[in-house]
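I open this notebook to keep a careful record of what I looked up, entry by entry, with the structure beside me.

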Amino acid sequence: MRILVVLSLAVTSWAQPARDYPVKPVPFTKVHFNDVFWAPRIETNRTVTIPFAFEKTEETGRVRNFDRAAAVLRGEALADKRPPGYPFDDSDLYKVIEGASYALSVHPDAKLEAYVDGLIARIAAAQERDGYLYTTRTIDPEHPHPWAGTRRWELEKVDSHELYNLGHLYEAAAAHYQATGKRTLLDVALKSAALLDQTFGPGKQAIWPGHQITEMGLAKLYRLTGQQAYLDLARFMLDARKPDSPGRRAPSYNQSHMAVTEQTEAVGHAVRATYMYSGMADVAALTGDTRYVNAIDRIWENVAGKKLYVTGGIGATGSGEAFGANYELPNMTAYNETCAAVGNDYWNHRLFLLHGDARYIDVMERTLYNGMISGVSLDGKTFFYPNPLESNGQHERSPWFGVACCPSNITRFLASIPGYVYAQRGDQLYVNLFVGNTGEIRMDDGRTVRITQETRYPWEGSVRMTVNPDRDAKLSLMVRIPGWARNEPVPSDLYRFADQVKEQPALKVNGRAVAMQIDKGYVAIDRTWKAGDVVELMLPMPVRRVAANSAVAADRGRVALERGPIVYTAEWADNPKGKVRNLMLLDNAKLTAEWRPELLKGVTVVKARAVALQTNASGAVERREQDFTAIPYYAWANRGRGQMMVWLPREEASAKPAAFPTVATSAKITVSSNPHRHNPGNINDGEDPASSSDASAYFDWWSKQGNAEWVEMAFEKSATVHEAQVYWFDDTGRGGVRVPASWRLLYKDGAEWKPIQGTYGTERNQYNTVSFQPVTTTALRLELQAQPNVSMGVQEWKVR
Ligand SMILES: [Zn+2]
């Protein structure tokens, strides 16, 4: 019989803690979207992505892991004792339950609710008697996943994700309780949290989550239960971080390189970082300790000023899924994990709740409309893990991932977006986002104000708001004037508009102009409001050119296009010959916007005349003017693989002319295997790599090691060739790909492959040239053998 030690806790619905954020968000359950942009997405999330994500968590054994752990707890012998694929697989189920709970709270669905009830029963059955819940250890305590360690809570195993999973459990439990009023998952969470409280704290064990979110989860449990222990524990886990941790990686990877209150720069794994900064904001709000606020304010200045992509994405480098150095914002290799975009939104929203300043909403909105929703396809079924700003066709959405954090994060975040529209403090009512909706806002004095927004935002900039207080009321309506409408794309000097506009935003109440006095990004309309008062906001939406700070090397000599909150990109499908990386957009090119209801579920595109650059037979660059179309960045990669480019060259020095077509560039490449689904076309794209480690357009067989492979080049028609040049991909210092141990060239003679005699070089950072007696053939083949325990890859293969 299970001892429920926690059931005596009184749970009052969202107990008001003694202290919290000075600005209060209006919960998403009080805001109903009926707009053209978000409402269909949230519905797709509910009807497609959430069921699909549940299906995947079942299909991949993530749910079965709980059943296997439960069987062990019942004393049954398991035939299959293999640990879960990753020690954090439990968290994906928690996240989808969180998303489903949010969906349930605005859209009752008995079938979904019953299904979630069943899942919760299976999770509860996998919880050990003392509250411990971590399937990989329970399934086989002797042989859990290698990252888990041999004992519970080993500091040396901060990558165990033992506490990370629980953070997501707590978030899901709070959401499920609020959505359904049922305590089932909350009881599991509280029993687990009680175990943490017994285990950790002053005079007990000290540990911090190797992947943050436990802190945010504990803060939610504190808000729900009023139990001080959970808040103390959240704070303890922030402060326990020490630089001398013996983890697998550098301490900065999980932000334990110094006391959290001393940190000044965003470093390490970007998702971990933003979850930690969000946890620090929660603890600061709930305790009043300003040291946490001072630290995250400094770190935010660093991110907004030096580490933020124009799409709102963060985490520039795939190496450690981390923030790069200041101004290190490469485009094609940009990592920008979808989860980091979600984390950036969490963090910026919390900073707004602390400071009441719209600059955080400016960053949040940029991420929401661009680098966050780019993570999910328009049909809701395929996902991006990294969100790059340029592609040569190597990027493709995937239906799921071995590490499935991003899809499950999207499911929970999308469902909660209505909670980011309004906020309230005293008699101030903040309107932060513009979305067709009806919101019901309870003010501090108990008055209720209903606001209706009618708008086609983000496609059009006029917003009509009807204010309906339950009785005539003096209050201050704080209308956000977005940074992009105030000539300030971001609240820093990282990006600026490179053009001028005359039209200014304007605001009217009942048809009368309001003075545009902007403070902290808001115009405050102070008056006694009567039911039916109408506020009209006009935000001019010309297409704008954005330039980056000259310290950002990747964007020099380039512009990005924006209209309203939407960042644009040029994609292969809308531009002549399926090419965009050879384009140049001159400063005098006129930009126009055009609504295209049939395209990509309805988008406004940007049209212009661009210049295509092409190298001719004699090596000179030829210019050709052609039509140019750009689509919203978030909508790219919904029509197959191909070229894409956000930052457009505005001068020839930064442009990349298309290579002159050769027998090689017009050939078809096939490869023996393609474990990472790279684009084999990178091998003959005619682009000379900068070095063997150039990560822009290569092909490799990672993670196959010591392998034998081949690449075939089939010509359009029979050709006579006498020379081949191969440039190897080798990411020494970053990854496990090296030049091959050996290779050779063969040509096709009828149905037979015949080897070609020659000298086969394996030098890095140069073409390895093989000259031979001319052969007339329809195809060539490279046969390669990798060195032991490493993989191999090809940057470019040319033929003469
Ligand atoms: Zn992720």
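**Entry: the metal site.** I began with how the donors of the zinc ion are spaced along the chain, and I noted the pattern E-x1-C-x65-C-C. I add here that the model I am reading is predicted, and I keep that in mind for every entry on these pages. Looking up the atoms themselves, I found that the protein donors are Glu337, through OE, and Cys339, Cys405 and Cys406, each through SG, and that they lie 2.1 to 2.3 Å from the zinc ion. I then asked myself what geometry the site of the zinc ion has. The angles among its four donor atoms run from 97 to 120°, and the site is tetrahedral.

**Entry: two of the donors.** Are Cys405 and Cys406 buried or exposed? Buried means under 20% relative accessible area, and I checked each cysteine against that cut-off. Cys405 has 11% relative accessibility, so I count it as buried. Cys406 has 1% relative accessibility, and therefore Cys406 also goes down as buried.

**Entry: Gln424.** I next turned to Gln424, which I located in strand β4, a strand of residues 422-425. Because its relative accessibility is 4%, Gln424 counts as buried. Which side chain does the side chain of Gln424 contact? I found a polar contact with the side chain of Asp444, at 2.8 Å.

**Entry: the largest cavity.** Rolling a probe the size of a water molecule over the atoms shows where empty space is left. I looked up the search of the whole structure, which finds four cavities of 30 Å³ or more. The largest cavity holds about 80 Å³ of space. It is lined by 14 residues, of which Val158, Ser160, Leu163, Trp208 and Gly210 are the closest to its centre. Sorting the lining of the largest cavity by class, I wrote down seven nonpolar, four polar and three charged residues.

**Entry: the second largest cavity.** For the second largest cavity I noted about 60 Å³ of space. Which residues line the second largest cavity? My list reads Asp362, Glu365, Arg366, Arg480, Gly483, Trp484, Pro489, Glu562, Gly564 and Pro565. Helix α13, of residues 359-372, gives the largest share of this lining, with three residues. By class, I recorded five charged, three nonpolar and two polar residues in the lining of the second largest cavity.

Terms used
Residues are numbered from 1 along each chain as its sequence is written. This is a predicted model: local features need pLDDT of at least 70, side-chain atom pairs count only at pLDDT 80 or more; totals for chains, interfaces and linings use all residues. Side-chain values use heavy atoms; hydrogens and water are left out. On a 1 Å grid over the protein atoms alone, a cavity is a set of points where a 1.4 Å probe fits but cannot get out, and a pocket is an open set with protein on both sides within 12 Å along at least five of seven lines; lining residues have an atom within 4 Å of a point. Grid points are joined across faces, edges and corners, and a volume is the space filled by probe spheres set on the points. Ala, Val, Leu, Ile, Met, Phe, Trp, Tyr, Cys and Pro count as nonpolar, Asp, Glu, Lys and Arg as charged, and the others, Gly among them, as polar. Helices (H or I, at least four residues) and strands (E, at least two) are DSSP runs, numbered from the N terminus. Donors are N, O and S atoms within 2.8 Å of the metal (3.2 Å for Na, K and Ca); water is not among the atoms, so sites may look incomplete. Four donors count as tetrahedral if all angles lie between 85 and 135 degrees; four count as square planar and six as octahedral if opposite donors are over 155 degrees apart and all others between 65 and 115; anything else is irregular. Buried means under 20% relative accessible area, exposed over 50%, partly exposed in between (1.4 Å probe, protein chains only). A polar contact is a pair of N or O atoms within 3.5 Å; within protein, one must be able to donate a hydrogen and the other to accept it, and residues adjacent in sequence count only if both atoms are side-chain atoms.
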